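Got the model open in your viewer? Here's a short tour: select what each stop names, then have a look around.

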Amino acid sequence: LPGTGTCYQQVKRVLHAAVPDRLHARERETGIIRQFLRDHVCGRQPGSLYISGAPGTGKTACLSHVLLDCKDELARSKTIVLNCMSLSSPQGVFPAVAQQLGLPAAAGREGVRRLEKQLTAQGPMVLLVLDELDQLESKGQDVLYTLFEWPRLPGSRLVLVGLANALDLTDRSLARLGARLAGGPRLLHFPPYTREQLAIILQERLGQVAGDPVLDAAAVQFCARKVSAVSGDARKALDICRRAVEVVELEVRSQTLLKPLPGGE
């Protein structure tokens, strides 16, 4: 079978969970994030946005898209993107932000005080994006309170965007902030993908490879139905399809190896 190997490689490549060129079924959420950044970063209005949703619902992908689209508009401000999974402790977020702002390292309360002074001084707006925000939950929730209080300080130039899997993080951890509605974080929830949406996402990816489809439509629908019933996680659906292609590829390869050579007995 000439070229089959490359065909399977191509299909597996398009099924990787990388950020696609176009995000299906997330137009509303993308629009809200874009407008928030325009109003706050470009409009020089400090504020915070809390994005929640289960894994694989497109939170990080959507935000990455918007940051890329609005690159020119955000050029005058300082953008810091941190994944909180990479921090050794919740308190580690403060030296990480200080480093990005070019401040000398300072631990504990002194470090936080210096950061607050910097973020309320004259200068360009600072957009701080914290992915996997649930990693910053700590005893007494001091870290999260401090971060979400910063945009509310007089003269603040901080716009904070936090992403987390937990829908109730704000209820559980930031109740005090939520109580003061005037300056509490704006909430945006990403619902799980439906069966129809997952099927379209999978078909869109598979449609990028020319030739006969490696996975038939019934298999794609079956995968979408199963994943939507459990989690609505697009990454999980892509992963399952990629594994199915690997199984087919191995079967074809073993059949090819077992075929007798032309002219042989």
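Start by selecting R195, L198, A199, L202, Q203 and L206 in helix 9, and show their side chains; they meet V220, Q221, C223, A224, R225, V227 and S228 in helix 10. Color that contact by class and you'll get eight nonpolar, three polar and two charged residues. Keep in mind that this is a predicted model.

Now switch to cartoon and show just the two helices, residues 195–206 for helix 9 and 217–230 for helix 10. How far apart are their axes, and at what angle do the helices pack? The axes sit 8 Å apart, and the angle is about 135 degrees. An angle over 145 degrees would count as roughly antiparallel and 65 to 115 as roughly perpendicular, so helix 9 and helix 10 are oblique to each other. The crossing of helix 9 past helix 10 is right-handed.

Next, a pair of backbone oddities. Most residues other than glycine have a negative phi. Select A25, in the loop between helix 1 (4–14) and helix 2 (27–42). A25 isn't a glycine, yet its phi is positive, at about 60 degrees. Is A25 buried or exposed? Its relative accessibility is 17%, and the cut-off for buried is under 20%, so A25 counts as buried.

Last stop: R44, in the loop that runs between helix 2 and strand 1 (47–53). R44 is another non-glycine residue with a positive phi, this one near 55 degrees. Turn on the surface here: R44 has a relative accessible area of 47%, so it is partly exposed.

Terms used:
Residues are numbered from 1 along each chain as its sequence is written. This is a predicted model: local features need pLDDT of at least 70, side-chain atom pairs count only at pLDDT 80 or more; totals for chains, interfaces and linings use all residues. Side-chain values use heavy atoms; hydrogens and water are left out. Axes are lines fitted to C-alpha atoms, for helices over the stretch in contact, and angles run from 0 to 180 degrees between N-to-C directions. Helices (H or I, at least four residues) and strands (E, at least two) are DSSP runs, numbered from the N terminus. Angles under 35 degrees count as roughly parallel, over 145 as roughly antiparallel, 65 to 115 as roughly perpendicular and the rest as oblique. A crossing is left-handed if the near helix is turned anticlockwise from the far one by less than a right angle, and right-handed if clockwise. Contact means heavy atoms within 4.5 Å. Ala, Val, Leu, Ile, Met, Phe, Trp, Tyr, Cys and Pro count as nonpolar, Asp, Glu, Lys and Arg as charged, and the others, Gly among them, as polar. Buried means under 20% relative accessible area, exposed over 50%, partly exposed in between (1.4 Å probe, protein chains only).
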